[in-house]
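Subject: Structure for you to look at

Hi,

Here is the structure I promised to pass on. Have a look at it first, and then read my notes underneath.

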Amino acid sequence: MVQLSDIHFSEAYYMPEIADSMLENINRSAPDIVIITGDLTENGLASEYNGAKNFIDRIECKNKVIVPGNHDSRNAGYLFFEDIFKARSTFGHFGEVTVVGLDSSQPDLEEGHIGRENYGWIEKAFSGSGFKVFALHHHLIPIPRTGRGNNVLVDAGDVLELLDRSGVNLVLCGHWHIPWVWRLNDMLVVSAGTVCSSKIRGKTSQCYNLIELDAPELESKRWHLKVYRVFSNGEKERVVDSII
Ligand SMILES: [Fe+2]
Ligand SMILES: [Fe+2]
């Protein structure tokens, strides 16, 4: 799987050369599933959505799960998101892997929120067996170097309990452009950096996550999971190598 995030397509922040090399790297790895965790655009404008769509169309993968971020819901941009990508929240079963993607944004607000009205169908979508991935834009737990920014879901506690109870293996987020990994109980929470925008923070650089999953041995419900950060020059940094 590939997780990429925070394209921020706009005249000001999109870096076409970095985008080209990232696309080349992603397509070379021929992922089975690509998950895009929001902030496709900077201000939710039609022209930015067109640019983001062109970028996403160049990713060679038939299974794409895409959710909006807070920037995409600015200026009623969620309407363009729905036109292009259909549902803002979605789920799919891809072989042994279930991915639930949730729109955690609210129009013209920075903070994230899932909402009690969504808990029921999330639980249902995760009711089977297999490897379970939850994808959203905002953070579920705080990560370092986010200052005093309001970057965690307002209902994070209830969502964490729901995901833990549902046996979710992997949570993927974006938003603050700081790549990071936490392990909480049996769940990995992985944040991505920005894939191809100049909006990098501190000493980070553009990157995306490449996720390799080995099926569990018979009788075992545990999976061998490796996560690499991939940079625009093609360098890979392994940040997870765990049985989960
Ligand atoms: Fe962002
Ligand atoms: Fe964001």
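**What I found**

Let me start with one histidine: His-177 has a relative accessibility of 3%, so it counts as buried. Keep in mind throughout that this is a predicted model.

His-177 is worth finding because it takes you straight to a metal site, where its NE2 atom is one of the protein donors of the iron ion (ligand 1). The other donors there are Asp-6 (OD), His-8 (NE2) and Asp-39 (OD), and the distances run from 2.0 to 2.3 Å. Along the sequence, these donor residues follow the spacing D-x1-H-x30-D-x137-H. The four donor atoms make angles of 86 to 174° at this iron ion (ligand 1), and the site is irregular. Two of its histidines tie together distant parts of the chain: His-8 is in the loop between β1 (2–4) and α1 (16–28), while His-177 is in the loop between β7 and β8, 169 residues apart. Is His-8 buried or exposed? With a relative accessibility of 0%, His-8 counts as buried.

Now for the second metal. Which residue coordinates both iron ions? That is Asp-39, and the iron ion (ligand 2) lies 3.5 Å from the iron ion (ligand 1). Besides Asp-39 (OD), the iron ion (ligand 2) is coordinated by Asn-70 (OD1), His-137 (NE2) and His-175 (ND1), at 2.1 to 2.3 Å. This site is irregular as well, with angles of 86 to 163° among the four donor atoms of the iron ion (ligand 2). Its donors are spaced D-x30-N-x66-H-x37-H. Here, too, a pair of donors links distant parts of the chain: Asn-70 sits in the loop between β3 (64–67) and α3 (78–85), and His-175 in the loop between β7 (170–173) and β8 (180–184), 105 residues apart. Both Asn-70 and His-175 are buried.

One helix is also worth a look. α1 has 13 residues and spans 18 Å from its first C-alpha to its last, close to the expected 18 Å. Its buried residues are Ile-18, Ala-19, Met-22, Leu-23, Asn-25, Ile-26 and Asn-27. Among the elements covering them are β1, α2 (46–57), β10 (207–214) and β11 (224–231). Just after α1, Ala-30 has a positive phi of about 45°.

Cheers

Key. Residues numbered from 1 in each chain as written. Chains lettered and ligands numbered in written order. Predicted model: local features only at pLDDT ≥ 70, side-chain atom pairs only at ≥ 80, totals over all residues. Heavy atoms only, no water. Donors = N, O, S within 2.8 Å, 3.2 Å for Na, K, Ca; no water. Tetrahedral: all angles 85-135°; square planar, octahedral: opposite > 155°, others 65-115°. Helix = DSSP H or I, 4+ residues; strand = E, 2+ residues; numbered from the N terminus. Buried < 20%, exposed > 50% of the residue type's maximum accessible area, 1.4 Å probe, protein only. Expected span 1.5 Å × (residues − 1). Contact = heavy atoms within 4.5 Å.
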